[in-house]
Amino acid sequence: MLEAWKQVLTLSKLKQGEVVTILTAPDTHPQTLATATMAARGMGAVVNRLDLPPVNGERSLSRDKLAFVGTTPLTGNRAALAALKASDLVLDLMTLLFSPEQLEVLQGGTRILLAVEPPEVLARMVPTEADRKRVLTAGKKLGAAKEMHITSAAGTDLRCALGEYPLLEEYGFVDAPGRWDHWPSGFLATWPNEGTSHGRVVLDRGDILLPMKSYLAAPIELVVEDGYVTTIRGGLDAELLEDYIASFSDREAFAISHIGWGLQPRARWSTLGLYDREATIGMDARAFEGNFLFSLGPNTEAGGTRNTACHIDIPMRRCTVRLDGEAVVVQGRVVC
Ligand SMILES: [Fe+2]
């Protein structure tokens, strides 16, 4: 882990004398914290630790911090916000995602790296310069595209207009001021233009629901109209999904959020079945090579105003993704 952090911090251009603040929570992994601290100090950084108590416990139906978003330990916390803004690099071992405060910190030039998966997952997927190149190369195509069209043998046929929102290029380190990233990762995404997504998404057996962290046993059909899922059909899995989303009592929870595809060969579709549900947030599932990552919920990460608390990620296998007619993923295989 010490070597892993040194590689991540070197790729993140950590310089002697820079101020690093490590954000922690009661469930931060002690080995990740200890090795991050040692690596950053060993490289000559000034290192702080900021420990914040968890929020949303009384409101969320899940213990997964990516499941209930929007309100974070930074909400209304001026002192913590000031500390983060005064830092060059924030190592987020707590999960500060989807918050206006995070955007504010980034806009001041601070870089933020999220790392909350268990140490062995981090060690298996230490980011590399090659990861960055692969994501950015694919990102050029996505950034130029006006439409994403997703199809599958299971029946998916979804069209999304693009161009309104920026790209999310996740390669696992933060090598520029104001950059946010997540270790481990290795995928590319963007958000469809508001109100434009149309068609249907058929989730197939083996596709993954997050935060449920389950593999579907049977298909679920989602009808998408004007950027929102309007109908959910299927068996038990469909009923569980619909009941969960309905618990938020928020129409915005049905909005299409980020869409993109996995580019990380060291992430595996099968690993989620090997872990206790609370031991991982499912980054293998989000990043495995060739998955089409479909999601519902907020767009605050992209600078939008949809701050819904409900966030669902759905890595799908065997989809074909076309950008303006050109295939970038064919039946779950990356071709660009
Ligand atoms: Fe997501």
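Me: In this predicted model, at what distance from the ring centre does Arg317 lie over the face of Trp269?
Reply: The contact pairs the side chain of Arg317 with the ring of Trp269. Arg317 lies over the ring face, and its separation from the ring centre is 3.9 Å.

Me: Over the ring of which residue does the charged end of Arg251 sit?
Reply: Arg251 places its charged end over an aromatic ring, 3.8 Å from the ring centre. The ring in question belongs to Tyr228.

Me: Which residues coordinate the iron ion?
Reply: The donor atoms lie at 2.0 to 2.5 Å from the iron ion. The NE2 atoms of two histidines take part, together with OD atoms of an aspartate. In sequence the donor residues follow the spacing H-x52-H-x1-D. The residues are His258, His311 and Asp313.

Me: Why is the arrangement of donors around the iron ion irregular, rather than tetrahedral?
Reply: A tetrahedral assignment would require all angles to lie between 85 and 135 degrees. The four donor atoms around the iron ion subtend angles that begin below that range, so the arrangement counts as irregular, with angles of 54 to 133°.

Me: How many residues apart are His258 and His311, which link distant parts of the chain?
Reply: Both histidines are buried. His258 belongs to strand S15 (residues 256–262), whereas His311 is in the loop between strand S16 (292–296) and strand S17 (312–316). Their separation along the chain is 53 residues.

Me: Which strands stand at the edges of the five-stranded open sheet?
Reply: The strand order is S2-S1-S3-S4-S8, with parallel pairing. The twist averages 20° from one strand to the next. Each edge strand has a single partner, so one side of each is left without a neighbour in the sheet; these are strand S2 (46–51) and strand S8 (180–182).

Me: Which residue in S8 stands opposite Ile112?
Reply: Strand S4 (residues 111–114) runs parallel to S8, and three bridges join them. The residue in S8 that stands opposite Ile112 is Trp180.

Me: Is the pair of Tyr244 and Phe248 edge-to-face or stacked?
Reply: Tyr244 and Phe248 are both buried, and ring pairs link them with Phe68 into a cluster. Their ring centres are 5.4 Å apart, with 80° between the planes. Planes over 60 degrees apart place a pair in one class, so the pair of Tyr244 and Phe248 is edge-to-face.

Me: What is the geometry of the aromatic pair formed by Phe292 and Phe294?
Reply: Phe292 and Phe294 are both buried. Their ring centres are 6.3 Å apart and the angle between the planes is 35°. The pair is tilted.

Technical notes. Residues numbered from 1 in each chain as written. Predicted model: local features only at pLDDT ≥ 70, side-chain atom pairs only at ≥ 80, totals over all residues. Heavy atoms only, no water. Donors = N, O, S within 2.8 Å, 3.2 Å for Na, K, Ca; no water. Tetrahedral: all angles 85-135°; square planar, octahedral: opposite > 155°, others 65-115°. Helix = DSSP H or I, 4+ residues; strand = E, 2+ residues; numbered from the N terminus. Buried < 20%, exposed > 50% of the residue type's maximum accessible area, 1.4 Å probe, protein only. Pairing = 2+ DSSP bridges. Axes fitted to C-alpha atoms, helices over the stretch in contact; angles between N-to-C directions. Phe/Tyr/Trp six-rings, centres within 6.5 Å; stacked < 30°, edge-to-face > 60°. Lys NZ or Arg CZ within 6 Å of the ring centre and 35° of its normal.
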